[in-house]
Each structure stands twice: as C-alpha cells, then as structure tokens.
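The following exercises are to be worked with the sequence and the coordinates at hand. Each task is followed by a solution in steps.

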Amino acid sequence: MAMSQDDVVSEFQKLRAEFSVRLQETQQQLQETRQQAQETQHQLQETQQRVEFLSAFLPAVDSMLLYNGDQSSTNARSSDFKKQLINLYSECTQSGSLKLVKCSITRCFLPKKCVIASHIFKRTWAKHSWQSVLLGFNDIDDPRNGLLLFKPFEYAFDRSQICFTFNSESQLFIMKILDSSIKDKVLVDNLFSLGFDTNDAESISVLRQCLGFRTFGDFDGSALLFSGLTRPFKRALCFHAHRSRKFAVESGWLSNSDFEFEDFWSESDYKVKISRWLRMLDQSPPAGLSS
C-alpha cells in the first residue's frame with residue numbers, strides 16, 4: 001500500500017529525530033573516550049617516572065629486604081610491643097608460677113617466655129623507611145604489624161621458612177611451609193635447639209602437655225587465631241608472603257611455578273603500588289644472602 005505524503009513526512013521526522021539522538025550519544029561517547037585517553041596517558045607518564053626512579057636502586061633495595069639471620073626482627077624488640085599484641089590478639093592465664101600466653105598458630109596457652117612478639121615487617125627494614133613508603137604505617141611497633149608465635153614458628157617466620165596467606169572465603173590467614181626440611185621437626189625439640197633452658201622443668205612440662213611431639217608439618221594449613229576483632233595488616237602479611245616466596249625460590253625450596261596465591265592487600269592504592277614494585281623485583285637479578 002502506498003504511503004501518503006503525510007506518512008512520508010512523519011516517518012522522515014522520526015528517522016531524523018533518531019539520528020539526532022544517536023549523533024549526540026556518539027559525540028558524548030567520543031568525548032568520554034578522549035578524556036579516558038588523556039587520563040591513561042597521564043597514568044602512563046606517572047608509571048614511567050616511577051619505573052625509572054625505582055629501577056635505579058632496585059638491586060640495593062632487594063638486598064635490604066632479604067630474609068636472613070642478620071636481619072631478624074628479634075633485634076631490639078620492645079617489651080611494650082609484646083604487651084600490645086597480647087592485649088589486642090591473645091589471652092593470658094596462670095599455671096603454677098608460670099604466666100601463659102596463647103600462641104596464634106598452635107592455639108595453646110604456652111609459657112610467656114616461649115611466645116614471641118614477631119614483627120611482620122622487620123625492625124631492621126624500618127631504618128630504610130620502607131614500611132611507611134610501601135605499607136603506609138610509620139611505627140614499626142604498631143601491633144597490627146605483629147604476631148604472637150611460639151618461638152620455633154617465630155624463628156621460621158623470620159627466616160622465610162613459613163608464611164601466611166589469606167583465604168577470602170573463610171576470612172582466615174593460613175600458614176604455609178615453604179622449606180620442606182622443617183616439616184618433620186618436633187616443635188618442642190626445635191625449641192631446645194634454639195637455646196631454651198632444658199632445666200626449666202615446669203615450662204617443659206606445660207609444653208609437652210600442650211604440644212607433645214607435634215611437628216611443623218602438623219600445623220601446615222592451620223589458621224591464625226585471634227581473640228579480639230582486630231587483625232594484622234593484610235598488606236604487611238601479603239608483602240611478607242611475596243618476599244618469602246621469592247627467597248624460597250632463590251634458596252631452591254620452591255620452583256618458579258610452586259605456591260601461587262591470590263594477593264590480599266588491604267587497599268587498592270597499596271595493591272597497585274606494591275604489586276608493581278614486587279613485579280619489578282622479580283625481574284631483577286637474584287640476590288644472594290649477606291654474610
């Protein structure tokens with residue numbers, strides 16, 4: 001059926017109106033694309049500046065952040081730091097003359113002298129101000145930069161033999177053994193090898209009663225336990241886990257394809273900044289242990 005002149009005019013007006021709307025939408029999208037391109041260009045320029053700045057001293061930074069005996073977090077540890085950790089994360093009780101503190105990984109009340117206040121980001125690293133630059137806190141003794149661990153676990157944690165990752169489903173920090181040579185070591189016996197007084201019968205009795213002959217491997221995959229609602233800085237534990245894995249690969253404990261885990265930085269800004277920095281470290285030459 002032939003269209004009348006009025007119908008043709010009406011259809012043309014509809015098409016022109018649709019075209020006008022689409023033209024406006026296209027122009028708006030084009031403007032948004034231009035703005036995004038400008039923002040991306042600005043971000044690329046900033047990234048390039050950061051890369052050039054960090055690349056100049058990456059090898060030196062990498063060696064500063066190695067895990068080894070000379071860089072233990074046990075140096076100059078503050079007694080107030082331990083008190084803060086106990087108040088924030090743990091519980092205390094009494095057994096005879098012994099004051100007992102709950103270890104976050106064994107979940108046992110152990111002699112206070114055997115439960116160590118361990119820094120996640122090391123005290124010796126703090127003199128280079130990396131914790132404020134990379135992790136966003138100024139006080140190395142911030143209790144959220146610490147864990148309460150039975151001495152053998154603290155020793156292993158300090159030397160990158162174990163680390164903790166975050167399970168987003170359970171919302172728990174999970175222990176991972178990186179150095180398989182410690183798996184079968186009996187924890188209490190290991191404590192003796194670290195210099196604990198073997199004549200301290202009262203403490204040894206409590207330790208044997210709580211832990212028996214349990215090994216490091218018995219706690220592989222266990223979750224950290226905290227009494228209160230506060231938790232350690234995710235970004236500090238994630239940073240520790242990345243550095244531990246790198247050290248484990250360099251030490252031959254893991255291959256490059258072993259132990260992949262999802263990042264768990266607390267804030268997106270830190271995730272971008274530290275992830276980029278860690279990727280750059282991974283591309284730098286392997287660094288050996290300092291003497």
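**Exercise 1. The largest cavity**

What is the volume of the largest cavity? Identify the residues that line the largest cavity and sort them by class.

Solution. The model is a predicted one. Step one: a search of the whole structure for cavities of 30 Å³ or more finds one. Step two: the largest cavity has a volume of about 30 Å³. Step three: its lining consists of Tyr89, Ser90, Lys102, Cys103, Ser104, Leu225, Phe226 and Ser227. Step four: sorted by class, the lining comprises four nonpolar, three polar and one charged residues.

**Exercise 2. Helix α9**

Compare the expected span of α9 with the separation of its end C-alpha atoms, and establish how many of its residues are buried.

Solution. Step one: α9 has 18 residues, and at 1.5 Å a residue these should span 26 Å. Step two: the end C-alpha atoms of α9 are 25 Å apart, which agrees with the expected span. Step three: a residue is buried when its relative accessible area is under 20%. Of the 18 residues of α9, 13 are buried, so the helix is largely enclosed by the rest of the structure. Step four: glycine 252 follows α9 and has a positive phi, near 85°.

**Exercise 3. The largest nonpolar core**

Determine which members of the largest nonpolar core touch the most other members.

Solution. Step one: the core contains 55 residues, of which Leu147, Phe150, Phe153, Ile162 and Phe164 touch the most other members. Step two: α9 gives the most to this core, with six residues. Step three: for phenylalanine 153, set aside the neighbours within four places in sequence; the contacts that remain are Ile105, Thr106, Ile162, Met175, Leu187, Phe216 and Phe219. Step four: in soluble globular proteins, nonpolar side chains tend to be buried together.

**Exercise 4. Positive phi outside glycine**

Locate serine 160 and phenylalanine 259, and decide whether each is buried or exposed.

Solution. Step one: most residues other than glycine have a negative phi. Step two: serine 160 has a positive phi, near 65°, and lies in the loop between α6 (151-158) and β6 (162-167). Serine 160 counts as buried because its relative accessibility is 0%. Step three: phenylalanine 259 also has a positive phi, near 55°, and is placed in the loop between α9 (234-251) and α10 (268-282). With a relative accessible area of 16%, phenylalanine 259 is buried.

Methods:
Residues are numbered from 1 along each chain as its sequence is written. This is a predicted model: local features need pLDDT of at least 70, side-chain atom pairs count only at pLDDT 80 or more; totals for chains, interfaces and linings use all residues. Side-chain values use heavy atoms; hydrogens and water are left out. Helices (H or I, at least four residues) and strands (E, at least two) are DSSP runs, numbered from the N terminus. Buried means under 20% relative accessible area, exposed over 50%, partly exposed in between (1.4 Å probe, protein chains only). The expected span of a helix is 1.5 Å times one less than its number of residues. A nonpolar core is a set of buried Ala, Val, Leu, Ile, Met, Phe, Trp, Tyr and Cys residues joined through side-chain atoms within 4.5 Å. Contact means heavy atoms within 4.5 Å. On a 1 Å grid over the protein atoms alone, a cavity is a set of points where a 1.4 Å probe fits but cannot get out, and a pocket is an open set with protein on both sides within 12 Å along at least five of seven lines; lining residues have an atom within 4 Å of a point. Grid points are joined across faces, edges and corners, and a volume is the space filled by probe spheres set on the points. Ala, Val, Leu, Ile, Met, Phe, Trp, Tyr, Cys and Pro count as nonpolar, Asp, Glu, Lys and Arg as charged, and the others, Gly among them, as polar.
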